[in-house]
Amino acid sequence: MSKLQIHQIPVLSDNYVYLAHEPESGATAVIDPAVTQEVLDAARAKGWTITHILNTHHHGDHTGGNLEIKKATGCTIVGPKADKGRIPGIDVEVDEGDTYDLGKARAQVFFVPGHTRGHIAFWFKESDALFCGDTLFAMGCGRLFEGTPAQMWNSLQKFKALPDATRVFCAHEYTQSNGRFALSVEPQNEKLVARMKDVDAKREKGIPTVPSTLADEKATNPFLRPDSADLQATVGMPGGDLVAVFAETRARKDNF
Ligand code: ZN
Ligand code: FE
């Protein structure tokens with residue numbers, strides 16, 4: 001198994017598209033191409049030839065470049081089986097427990113409904129890389145457009161079980177606003193306070209705060225921490241059921 005080289009492309013107002021290059025075979029995947037031209041330009045600048053598109057979910061800011069990039073490169077589009085009807089140009093359908101080999105780099109697929117009903121994530125274990133789309137963000141999680149809090153909490157627990165060193169390649173730079181909310185529900189969390197100082201300094205200079213690590217998310221992301229006594233106290237649910245605390249936290253974020 002081979003380690004990926006990963007290149008981050010900021011597009012639109014706050015999206016991140018990723019190129020993942022497997023050097024032994026030369027295979028190169030675009031993860032969630034929101035757009036076409038900037039992705040093709042970035043691949044050319046790296047000297048990489050796009051062979052695959054990996055889609056986490058159907059939203060336009062994740063699949064907008066699918067058909068044109070496929071037309072330009074003849075690449076293979078891999079996406080969620082549960083949402084095959086909404087993924088433009090899909091060739092290969094994958095689901096929970098499946099693996100997909102990008103050249104010599106193996107991805108494990110997680111089915112993570114909540115943000116949408118068909119959302120998946122790709123975990124490249126040997127590369128410590130998780131491409132989680134709009135399910136987990138730095139200090140946040142995706143809005144529940146098509147799923148229940150119980151579904152989303154179940155999905156997030158799959159990520160929580162991954163190694164601390166896992167890099168979280170989420171699809172949006174939402175970190176600063178997520179962090180402000182996180183501080184409102186867990187103001188006593190010293191790691192969170194320190195992380196926000198770092199995030200504010202980076203954003204001041206226009207530096208991306210993504211990827212983060214799962215260690216940081218486990219320590220500071222309120223949506224991975226419904227078991228936190230401080231968070232439970234803030235939302236008025238001490239000792240509360242974790243799904244209920246998660247749901248209340250998500251609802252508060254929606255109105256923050
Ligand atoms: Zn989305
Ligand atoms: Fe998105």
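In strand 14 of this predicted model, Ser212 is the bridge partner of Val168. The two strands involved, strand 13 and strand 14, run antiparallel and are joined by 2 bridges. Both belong to an open sheet of 6 strands, whose order is 7-8-9-10-13-14 and whose pairing is mixed. At the edges of this sheet lie strand 7 (99-102) and strand 14 (212-213), each of which pairs on one side only. Helix 4 packs on the sheet, where it touches strand 8, strand 9 and strand 10, and the direction of helix 4 makes about 150 degrees with that of strand 8.

Further pairings involve strand 5, which covers residues 76-80. Strand 4 (residues 52-54) runs parallel to strand 5 and is joined to it by 3 bridges, with Ile53 standing opposite Ile77. Strand 5 is also joined to strand 6 (residues 92-94), again by 3 bridges and in parallel, and in this pairing Gly79 stands opposite Glu93. Because 4 of its 5 residues are buried, strand 5 is largely enclosed by the rest of the structure.

The model also contains two metal ions, the first to be described being the zinc ion (ligand 1). Its protein donors are the NE2 atom of His57, the ND1 atom of His59, the NE2 atom of His115 and an OD atom of Asp134, and they coordinate the zinc ion at 2.2 to 2.3 Å. Along the chain these donors follow the spacing H-x1-H-x55-H-x18-D. Two of them, His115 and Asp134, link distant parts of the chain, for His115 sits in the loop between strand 8 (105-111) and strand 9 (120-124), whereas Asp134 sits in the loop between strand 10 and strand 11, 19 residues apart. His115 counts as buried, its relative accessibility being 4%, and Asp134 is likewise buried, with a relative accessible area of 4%.

The geometry of the zinc site may be judged from the angles among the donor atoms. In general, four tetrahedral donors would ideally stand at angles of 109.5 degrees. Around the zinc ion, the 4 donor atoms subtend angles of 88 to 170 degrees, and the arrangement is therefore irregular. For four donors to count as tetrahedral, all angles would have to lie between 85 and 135 degrees, so the upper value of 170 degrees rules out that description here.

The second ion, the iron ion (ligand 2), has as its protein donors Asp61 (OD), His62 (NE2), Asp134 (OD) and His172 (NE2), which lie 2.1 to 2.3 Å from the iron. The spacing of these donors along the chain is D-H-x71-D-x37-H. The site of the iron ion is also irregular, the angles among its 4 donor atoms being 84 to 167 degrees. What connects the two sites is Asp134, which bridges the zinc ion and the iron ion, and the two ions are 3.2 Å apart. Among the iron donors, Asp61 in helix 2 (residues 60-63) and Asp134 in the loop between strand 10 (129-133) and strand 11 (136-137) are 73 residues apart, and this pair too links distant parts of the chain.

Attention may then be turned to charged side chains. Side chains of opposite charge can pair when their charged atoms come close. A search of the whole structure finds 17 salt bridges. One of them joins Asp164 to Lys218, with the closest N and O atoms 2.7 Å apart. This pair links distant parts of the chain, since Asp164 is in the loop between helix 4 and strand 13 (167-170) and Lys218 is in helix 7 (residues 214-220), 54 residues apart. Asp164 itself is partly exposed, with a relative accessible area of 43%. Salt bridges that share partners also join Asp83, Arg86, Arg117 and Glu146 into one network.

Within this network, the side chains of Arg86 and Asp83 meet in a salt bridge at 2.7 Å, N to O. The partners are set in contrasting surroundings, for Arg86 is partly exposed, with a relative accessible area of 25%, while Asp83 is buried, at 3%. Another salt bridge is formed between Arg143 and Asp254, whose closest N and O atoms are 3.3 Å apart. Here the partners are 111 residues apart, with Arg143 in the loop between strand 12 (140-141) and helix 4 (149-160) and Asp254 in helix 9 (residues 242-254). Arg143 is partly exposed, with a relative accessible area of 40%, and Asp254 is partly exposed as well, with a relative accessible area of 34%.

Note on methods. Residues numbered from 1 in each chain as written. Chains lettered and ligands numbered in written order. Predicted model: local features only at pLDDT ≥ 70, side-chain atom pairs only at ≥ 80, totals over all residues. Heavy atoms only, no water. Donors = N, O, S within 2.8 Å, 3.2 Å for Na, K, Ca; no water. Tetrahedral: all angles 85-135°; square planar, octahedral: opposite > 155°, others 65-115°. Buried < 20%, exposed > 50% of the residue type's maximum accessible area, 1.4 Å probe, protein only. Salt bridge = Lys/Arg side-chain N within 4 Å of Asp/Glu carboxyl O. Pairing = 2+ DSSP bridges. Contact = heavy atoms within 4.5 Å. Axes fitted to C-alpha atoms, helices over the stretch in contact; angles between N-to-C directions.
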